[in-house]
Amino acid sequence: MLFAIDVGNTNITVGLFDKENLVKQFRMITQTSRTSDEYGVFLGEWLMLNGFAMKDITDVVISSVVPDIMHSLVSSIIKYFDVQPLIIAPGIRTGIKISISNPRELGADRLVDAVAAYEMYGGPVIVVDFGTATTHDLVLGDGTFYAGVTSPGIRLAANALWHGTAKLPEVEIRKVDTIMGRDTVSSMQAGIYFGYVGQTEYIIRKLKEESRLEDLKVVATGGLGKMISEATREIDIYDPELTLHGLRIIYDKQ
């Protein structure tokens, strides 16, 4: 079985694959202070609780945008699973041609999402990942990663709102039915939610306009992506498991 591990700025997402089937998945908070033993014990216990054993894991693939965590995480995989993990890095075989000014600047998470969206849904495609940062990436019909847009994620922007003001409270980020806020909390929730829907729609429309591509699909993923996807017709597909499948697809290509 394959462990697919995506290390993000906020969460580490782990998927357990039996061939092409995503059997189980879970998330834990990204912390740079964890030791290799902590990772090993945690992963082993999670497997046991779900009816599996460490010996069931024959392969591991990791993408990460947090370099400080990698030494402990990779060491835990080698020590506890006796597997040398495949790390998503420049030069790895993906099936995607990176056509930006400096391909090595492209984050592993964006590359993995691009591979998954292109392989699973075809191109041309805009891939939107609602993570700590929100990214909109354009993959052409021939599989070329052509351009990207990066903006603050919805939670990051909301945190700035209440931490950067003296009297505004921290509020739940959620879908609201009306933009007509009648008190401080509802007005903040309306601004965060509808403001982000509006930003998402504008960026997608602008990418479509400037690329001049026909039959351009839009695929979204990420924790808060479902909430935004439900509010706009600009997003065609919401796939919460896109990144994990991208890791599996890249591993299969090696």
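A residue counts as buried when its relative accessible area is under 20%. In this predicted model, that cut-off helps in reading helix α2, which covers residues 70-81. Its buried residues are M70, S72, L73, V74, S76, I77 and F81. Among the elements that cover them are strand β1 (2-7), helix α1 (36-49), β4 (59-64) and β5 (86-87).

The length of α2 can be checked by simple arithmetic. With 12 residues at 1.5 Å a residue, the helix should span 16 Å, and the C-alpha atoms at its ends are indeed 16 Å apart, so the two values agree. Just after the helix, D82 has a positive phi of about 55°.

Next come the charged side chains. The model has 11 salt bridges. One of them joins D137 and R110, with N and O 2.6 Å apart. This pair connects distant parts of the chain, since D137 sits in strand β8 (residues 133-139) and R110 in helix α3 (residues 108-121), 27 residues away. D137 is buried because its relative accessible area is 3%, and R110 is also buried, at 14%.

Other salt bridges lie within a single helix. An α-helix has 3.6 residues a turn, so residues three or four places apart point the same way. In helix α5 (residues 184-211), R205 and E201 are 4 residues apart, about one turn, and their closest N and O atoms are 3.9 Å apart. E201 is buried at 17%, whereas R205 is partly exposed at 46%.

Helix α7 (residues 242-253) holds D252 and R248, again 4 residues apart. Their salt bridge has a closest N to O distance of 3.6 Å. Elsewhere, shared partners join E201, R205, K208 and E234 into one network of salt bridges.

Definitions and conventions:
Residues numbered from 1 in each chain as written. Predicted model: local features only at pLDDT ≥ 70, side-chain atom pairs only at ≥ 80, totals over all residues. Heavy atoms only, no water. Helix = DSSP H or I, 4+ residues; strand = E, 2+ residues; numbered from the N terminus. Expected span 1.5 Å × (residues − 1). Buried < 20%, exposed > 50% of the residue type's maximum accessible area, 1.4 Å probe, protein only. Contact = heavy atoms within 4.5 Å. Salt bridge = Lys/Arg side-chain N within 4 Å of Asp/Glu carboxyl O.
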